[in-house]
Amino acid sequence: EYDIDKNLRSPICVVLGHVDTGKTLILDKIRKTRVQEGEAGGITQQIGATYFPIKSLQKLTNKVNKKHRYKHKLPGLLVIDTPGHETFTNLRSRGSNLCDVAILVVDIMHGIEPQTRESIDLLKKRKTPFVVALNKIDRLYDWNVTENMGFRDTFKNQKKHVQMEFQNRLNETILHFNQLGMNAELYFKNKSIKDTVSLVPTSAVTGEGIPDLLMYVVQLTQKYMIKKLTYLSTFQCTILEVKVIEGHGTTVDVILVNGKIHEGDRIITCGLNGPIDTTIRALLTPQPLKELRVKSEFIRHPVLHAAVGFKISAVGLENSIPGSEVFICGQRDDPEELKERAMKDLNSILNDVDTSGKGVYVQSSTLGSLEALLEFLKQMKIPVFGINIGPVHKKDVEKASVMLELKPEFGVVLAFDVTVTGEAREYAKEKGVQIFEAKIIYHLFDRFTEYMKEVKE
Ligand code: GTP
Ligand code: NA
Ligand code: MG
């Protein structure tokens with residue numbers, strides 16, 4: 001049963017966790033189950049996200065909501081998957097207010113791992129409510145599978161020794177949480193969800209416990225976040241990625257957190273060489289799931305409502321920066337003021353960089369990750385004289401090479417989560433400019449400090 005409240009937007013849920021805990025497979029399983037049952041049910045694969053409309057959420061949670069005691073009110077749920085190797089810095093860069101709620105995936109066979117802890121720190125810092133999916137229960141020895149069943153029902157069907165092994169691993173995980181200063185409890189035993197983490201046992205392979213997980217997320221958002229989910233007139237839209245797409249030129253992948261957006265809207269956003277002021281040519285999302293084989297890649301929309309992930313096609317997006325906000329410039333808005341707001345973050349970063357001094361050259365994938373990296377280098381007292389966002393090109397190496405004469409050990413490029421073109425690599429070799437590459441900020445820093453040690457010796 002559902003009764004959509006027209007004043008509520010769909011919550012955004014981010015899936016976080018250590019590498020290979022099953023984040024992506026959980027989402028795959030949910031999508032596949034629906035498609036297999038012949039009801040893609042309007043689940044849409046979006047840009048960097050999956051949208052579950054209320055109809056499919058209702059069906060997906062049927063097994064744990066048998067008498068339909070629970071009434072769904074939210075229009076749907078937008079779920080954003082994240083790769084486990086990305087540190088909190090990249091996530092932060094995707095707009096600190098992007099998610100309303102999170103699923104933290106933990107492998108029941110491994111318990112809490114380094115990236116789990118990192119994710120917990122991030123969620124605590126932002127005060128984001130989260131639930132833990134204690135995944136891979138099917139790997140418990142002798143597990144008896146009933147596809148897509150609610151956890152409590154399938155658990156009853158397990159042999160004594162399987163139940164005991166589960167209990168042991170559960171206790172270990174709870175102890176891990178205790179050691180981190182947190183209480184944790186099986187979700188249906190949790191009497192105090194404000195200060196105790198709920199654990200939902202799941203299997204992304206068999207689908208067991210997935211109805212419980214979805215039900216929990218829906219209830220959590222519906223119960224505690226209504227105020228945050230009430231449509232505001234404020235518009236909030238964040239750029240995730242900048243991509244060149246054949247037939248569309250340079251496009252930006254965005255998440256619309258709040259408000260609505262139309263084809264033809266005038267938008268203003270941050271550009272590496274100044275504000276970008278352009279008009280939306282098209283709002284695009286991929287084809288529905290069951291039609292994945294359809295040749296034409298995207299569907300065009302005249303208007304889109306939050307929360308939704310999509311692609312914007314417009315002229316002049318080449319220098320736009322992932323992590324930036326997009327502003328809509330309506331007839332009553334002052335474009336100059338919006339341009340100033342759009343450029344604020346980048347300008348404050350640029351003000352921190354001493355382009356006349358001696359230092360390293362820093363290149364990063366997003367505004368947020370660049371900010372985090374610069375903050376890190378500041379703490380480590382490593383001066384920076386030049387920055388850029390996006391792939392490392394020959395011209396970047398050229399800029400870094402200027403340092404070779406002033407202070408040779410600074411004649412390097414610190415490349416964080418970006419690709420390096422072949423031409424840039426060759427030129428660096430020729431000039432003797434070292435390029436340090438890493439996807440995790442600490443690795444980049446470790447490599448650079450090691451190098452500085454070697455230089456000094
Ligand atoms: P990253 O994106 O690399 O951080 O990993 P991820 O968390 O998205 O994990 P992914 O979904 O790619 O799964 C990693 C591996 O674990 C794959 O081989 C999956 O088949 C397996 N796996 C995931 N969930 C389960 C589960 O519930 N049970 C079992 N047996 N295997 C699982
Ligand atoms: Na993986
Ligand atoms: Mg994954």
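**Exposure, core and sheet in a predicted model**

Colleague: Which class applies to Asp20: buried, exposed or partly exposed?
Modeller: Asp20 has 16 other C-beta atoms within 10 Å. A residue is buried with 20 or more other C-beta atoms within 10 Å of its own, exposed with 12 or fewer and partly exposed in between, the C-beta atoms being placed from the backbone. Asp20 is therefore partly exposed.

Colleague: What pLDDT do local features need in this model?
Modeller: Residues are numbered from 1 along each chain as its sequence is written, while chains are lettered from A and ligands numbered from 1 in the order in which they are written. The model is predicted: totals for chains, interfaces and linings use all residues, side-chain atom pairs count only at pLDDT 80 or more, and local features need pLDDT of at least 70.

Colleague: What is the phi of Lys127, and where does this residue lie?
Modeller: Most residues other than glycine have a negative phi. Lys127, not a glycine, has a positive phi of about 55°. Helices (H or I, at least four residues) and strands (E, at least two) are DSSP runs numbered from the N terminus. Lys127 lies in the loop between helix 4 (114-126) and strand 6 (130-135).

Colleague: Which helix gives the largest share of the largest nonpolar core?
Modeller: A nonpolar core is a set of buried Ala, Val, Leu, Ile, Met, Phe, Trp, Tyr and Cys residues joined through C-beta atoms within 7 Å. The largest one has 115 residues, of which Cys13, Ile103 and Val217 touch the most other members. Its largest share, 8 residues, comes from helix 7 (residues 210-224).

Colleague: Which residues does Ile328 touch, leaving aside those up to four places away in sequence?
Modeller: Ile328 belongs to strand 17 (residues 326-328) and is partly exposed, with 17 other C-beta atoms within 10 Å. Contact requires C-beta atoms, placed from the backbone, within 7 Å. Beyond residues up to four places away, Ile328 touches Phe235, Ile261, Asp265 and Ile267.

Colleague: By what angle are neighbouring strands turned on average in the open sheet of 4 strands?
Modeller: Strands pair if DSSP finds at least two bridges between them. The order is 19-18-20-21 with parallel pairing, and strand 19 (384-389) and strand 21 (434-438) are the edges. Axes are lines fitted to C-alpha atoms, for helices over the stretch in contact, and angles run from 0 to 180 degrees between N-to-C directions. With direction ignored, the average between neighbouring strands here is 20°.

Key:
Two residues are in contact if their C-beta atoms, placed from the backbone, lie within 7 Å.
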